[in-house]
Amino acid sequence: MTDTTAPAIECDEFLPHPPAAVWRAMTDPDLIARWWAPGDVRAEVGHRFTLDMGDWGAQRCEVLEVQPERLLRYSFGEGVIDTTITWTLVPEGSGTRLFLRHEGFDLDSPLGRTALEGMGRGWPGVVAAVGRVLGE
């Protein structure tokens with residue numbers, strides 16, 4: 001069960017592309033590198049991967065849940081900020097509504113507070129970039 005009272009970042013973006021195309025953008029390492037960060041993501045529960053976050057370093061992740069073309073959940077920043085990212089795809093007309101929920105920030109930690117604030121400002125642009133990559 002998700003604790004909706006805990007601090008979380010939530011974004012959503014309508015993409016004029018079918019769920020299959022958006023899913024590919026979420027799970028194809030070449031595409032992810034173009035809209036967010038290089039990494040060896042794979043839509044397979046238990047798959048451990050890293051995302052190269054540039055100045056913030058390589059962030060260790062593990063795929064926790066997969067529902068093809070519907071949901072992808074993974075841990076993010078294991079041993080650093082220890083959060084969870086959930087991508088949810090919902091068909092909407094001829095496109096897809098893409099939802100992001102990034103949760104688990106430890107507000108008792110200065111790093112957790114800084115991450116929540118910084119990522120809160122950055123995520124809307126990252127989510128919008130998915131659509132730009134698909135439109136290329």
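**Group meeting: contacts, charges and cysteines in one chain**

Let me start with one residue: Q59 has a relative accessibility of 6%, so Q59 counts as buried. Before going on, note that this is a predicted model. Q59 sits in strand β3, which covers residues 58–67. What does Q59 touch, once neighbours within four places in sequence are left aside? The list is F49, T50, L51, M53, F76, G77 and V80.

Next, the nonpolar core. The largest one has 38 residues. Which residues have the most contacts inside this core? They are W35, W36, W87, L98 and W123. Helix α3, residues 110–134, supplies the largest share of the core, with 9 residues.

Take W87 from that group. Not counting residues up to four places away in sequence, W87 touches a long list, including W35, L98 and W123. Those three were also named among the residues with the most contacts inside the core. W87 also touches M26, and M26 is one of the buried residues of helix α1.

So, on to helix α1, which runs over residues 19–27. Is this helix mostly covered or mostly open? It is mostly covered, with 7 of its 9 residues buried. The buried ones are P19, A21, V22, W23, A25, M26 and T27.

Now the charges. Side chains of opposite charge can pair when their charged atoms come close. How many salt bridges does the structure hold? There are 8. I will go through three of them.

In one, the side chains of E10 and R101 meet, at 2.2 Å from N to O. This pair links distant parts of the chain: E10 belongs to strand β1 (residues 8–15) and R101 to strand β6 (residues 95–103), and they are 91 residues apart. The two partners differ in burial. E10 counts as exposed because its relative accessibility is 57%, whereas R101, at 14%, counts as buried.

Another bridge joins R48 and E78, at 3.0 Å from N to O. Why does this pair tie together parts of the chain that are apart in sequence? Because R48 is in strand β2 (residues 48–52), while E78 is in the loop between β4 (71–76) and β5 (83–92), and the two parts are 30 residues apart in sequence. R48 is partly exposed, with 47% relative accessibility. E78 is at 15%, so E78 counts as buried. As for networks, E10, R101 and E103 are joined into one by salt bridges that share partners.

The third bridge on my list is between E44 and R42, at 3.5 Å from N to O. E44 is partly exposed, with a relative accessible area of 42%. R42 is also partly exposed, at 42% relative accessibility.

Last, the cysteines. How many disulfides does the structure hold? It holds 0. C11 is in no disulfide, and the nearest cysteine sulfur to it, that of C61, is 17 Å away. Why is there no bond from C61? Its closest cysteine sulfur is the one in C11, and 17 Å is too far for a bond; a disulfide needs the two sulfur atoms within 2.5 Å. Are these two cysteines buried or exposed? C11 counts as buried at 13% relative accessibility, and C61 is buried with a relative accessible area of 1%.

That is the end of my part.

Technical notes
Residues are numbered from 1 along each chain as its sequence is written. This is a predicted model: local features need pLDDT of at least 70, side-chain atom pairs count only at pLDDT 80 or more; totals for chains, interfaces and linings use all residues. Side-chain values use heavy atoms; hydrogens and water are left out. Buried means under 20% relative accessible area, exposed over 50%, partly exposed in between (1.4 Å probe, protein chains only). A salt bridge is a side-chain nitrogen of Lys or Arg within 4 Å of a carboxyl oxygen of Asp or Glu. Helices (H or I, at least four residues) and strands (E, at least two) are DSSP runs, numbered from the N terminus. A nonpolar core is a set of buried Ala, Val, Leu, Ile, Met, Phe, Trp, Tyr and Cys residues joined through side-chain atoms within 4.5 Å. Contact means heavy atoms within 4.5 Å.
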